[in-house]
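Reader: I am new to this structure and would like to know how its labels are earned. Please take them one at a time.

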Amino acid sequence: MRKSFTESSAESGFVDPPSGQATSARYTCVERLSGNGLTRTASGVRYGKKYFLKALSDEAAKQSMYRQMLDKEFGMLIGLGHPGVVQAVEMAEIAPMGRCMVMEWIEGATLDRFLETHPRRNEAQRLVTQLLDAIEHIHRHGIAHRDLKPTNIMVTDNGGQVKIIDFGLADTDAHLNLKQPAGTAGFMAPEQLTGRDADTRNDIYSLGVILLGMNIGSRWKRVAKRCLLPINERWQSVEALRDALLRSDQRTKNMLRAFLATLFVVLVASMVAVASMALRSRRGNKRLQAANDSLQSAIHRLKKEQTAQQLFIHNISDSMKVVNISNRELEQAEDARRTHEQRIDQAEQQGKQLVDKAMRNTRIMQHLDTLTNLQYLTPDYAEKCSAGLRAINKYVEGLDATFSESDRSHIYNQLTKYNAERWLDPIEIKYKQIPKQ
């Protein structure tokens, strides 16, 4: 019996589309996403496919400079055509946005959000390889992005493909207008502040900052640090940077190959020696079997050592990372200790000034200098002598809560010692020199 088209479609798994979602040649379902003063972004659907729309704000659209900037961005993007770069589709009038640059819709997360998931090193290195390929493609077209940063790099949900976005500040020698310094603080190369023409080496600097923030391993990070040198000393192209990264891996592989080759030579030599001994002896199957067992044991032991060495080489970079972290923690602890000691010293100096002020106000030293007989010693002599100690107690009690009890005790002891050496001991000496008549 023949089946209807509807019945056949149902068995094949096709489902009728919901009402109201018919495809259209126009951009429909336009939903506003954001607006930062100069531009507005939205999503739209055409022929059932979702797109990203970028348009100027009403105020910016009235100025020819901003219209040229949007046209300039579209002109650069439309000619790139690379899987690692967001694809521009067309410029179109779309209600209610106005004149829009239409781009592919990317389902994914920005690189900074993706890194919050703490991807494994091999995953991070895979993304770096894609990123280098995309930037090299951009540079081959004579374009400098000038605003590379994690928020301008997307990682797709499907396949984890890198996509470079936002070419609003990009420049190329083919465009003779709209030349001005541009970039984002923290990722922008220092020479971009001078207003010099766009240079692809500006992107090399920004790329170095991005790589140092990723889990790519200590070997790759050592290579990436050269990206932050002055413009004529850093890597001069993405290709040179990629080659340096590959060479750093190749050196490790060469060490492993040399080690395995040595093991192989030792293994062959052992096999030859054991076989030679077995052939020379010819003293029965038992001795031959013992030699064979010894050979198999040696082979097994060498394989275990080979595995252990491979694991050791694999973990070298991780160990270096731990060492670097420990060094940074020690440096931070030392900085904290020095800062604390400086605060203690400052507190002691301030306390000494207060002691000096309190004792000078008593004028006890001048009084002792003028005495010719102890009978003229003032009745408040003892109170004057204790003025420094009272100042110390009041000062230590008034220290803020950031000083621990141990700190307060140390400061009190130092100030008490200072008061004795600076004032009380000289007072006692003068006191003893006064005639006792």
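Author: What follows is a set of questions on the labels used for this predicted model, each answered from a value and a cut-off.

Reader: What is in the chain overall, and how much of it is buried?

Author: The protein chain holds twelve helices and ten strands. Of its 437 residues, 37% are buried. Among contacts with a separation of 6 or more, 61% are between residues 24 or more positions apart.

Reader: Why is the pair of Phe52 and Trp105 called tilted?

Author: Ring centres must lie within 6.5 Å to pair, and planes under 30 degrees apart count as stacked, over 60 as edge-to-face and the rest as tilted. The centres of Phe52 and Trp105 are 6.2 Å apart and the planes stand at 40°, so the pair is tilted. Phe52 belongs to strand S3, while Trp105 is in the loop between strands S5 and S6, 53 residues apart.

Reader: What makes the pair of Tyr381 and Tyr431 stacked?

Author: The angle between the planes of Tyr381 and Tyr431 is 25°, and the limit for stacked is under 30 degrees. Their centres are 5.8 Å apart. Tyr381 is in helix H10 and Tyr431 in helix H12, so the pair ties together parts 50 residues apart in sequence.

Reader: Is Tyr381 buried or exposed, and what is Tyr431 called?

Author: Buried means under 20% relative accessible area, exposed means over 50%, and partly exposed is in between. Tyr381 has 17%, so Tyr381 is buried. Tyr431 has 30%, so Tyr431 is partly exposed. Phe52, at 24%, also counts as partly exposed. Trp105, at 24%, counts as partly exposed.

Reader: How do you know that a charge sits over the ring of Trp105?

Author: The charged atom has to be within 6 Å of the ring centre and within 35 degrees of the ring normal. The charged end of Lys50 sits over the ring of Trp105, 4.1 Å from its centre. Arg343 lies over the face of Phe403, with 4.3 Å to the ring centre.

Reader: What makes His82 and Asp133 a polar contact?

Author: A polar contact needs N or O atoms within 3.5 Å, and the side chains of His82 and Asp133 are joined at 2.8 Å. His82 is placed in the loop between helix H2 and strand S4. Its relative accessible area is 14%, so His82 is buried. Leaving out residues up to four places away in sequence, His82 touches Asp133, Ala134 and His137.

Reader: Why are the buried residues of helix H11 said to line one face?

Author: Those residues are Ala387, Gly388, Ala391, Ile392, Tyr395 and Val396. Seen down the axis of H11, they fall within an arc of 160°, so they line one face of the helix. The face turned away from the buried side carries the exposed residues Lys394 and Glu397.

Reader: What makes a group of residues a nonpolar core, and how many residues has the largest?

Author: The members are buried nonpolar residues, such as Leu or Ile, joined through side-chain atoms within 4.5 Å. The largest such core has 50 residues, and Leu77, Ile164, Phe167, Leu211, Met214 and Leu241 have the most contacts inside it. Helix H4 gives the largest share of this core, eight residues. Apart from this core lies another of 23 residues, including Val355, Met359, Ile364 and Ile434.

Reader: What is unusual about the backbone at His118, Arg146 and Pro96?

Author: Most residues other than glycine have a negative phi, and most peptide bonds are trans. His118 is not a glycine, yet its phi is positive, about 55°. Arg146 also has a positive phi, near 70°. The peptide bond from Ala95 to Pro96 is cis, with omega near 0°. Pro96 is in the loop between S4 and S5.

Reader: Which of His118 and Arg146 is buried, and which is exposed?

Author: His118 lies in the loop between helix H3 and H4, and its relative accessible area of 68% is over 50%, so His118 is exposed. Arg146 lies in the loop between strands S7 and S8, and its 5% is under 20%, so Arg146 is buried.

Methods. Residues numbered from 1 in each chain as written. Predicted model: local features only at pLDDT ≥ 70, side-chain atom pairs only at ≥ 80, totals over all residues. Heavy atoms only, no water. Phe/Tyr/Trp six-rings, centres within 6.5 Å; stacked < 30°, edge-to-face > 60°. Helix = DSSP H or I, 4+ residues; strand = E, 2+ residues; numbered from the N terminus. Buried < 20%, exposed > 50% of the residue type's maximum accessible area, 1.4 Å probe, protein only. Arc of directions from axis to C-beta. Polar contact = N/O pair within 3.5 Å; in protein donor to acceptor, adjacent residues only side chain to side chain. Contact = heavy atoms within 4.5 Å.
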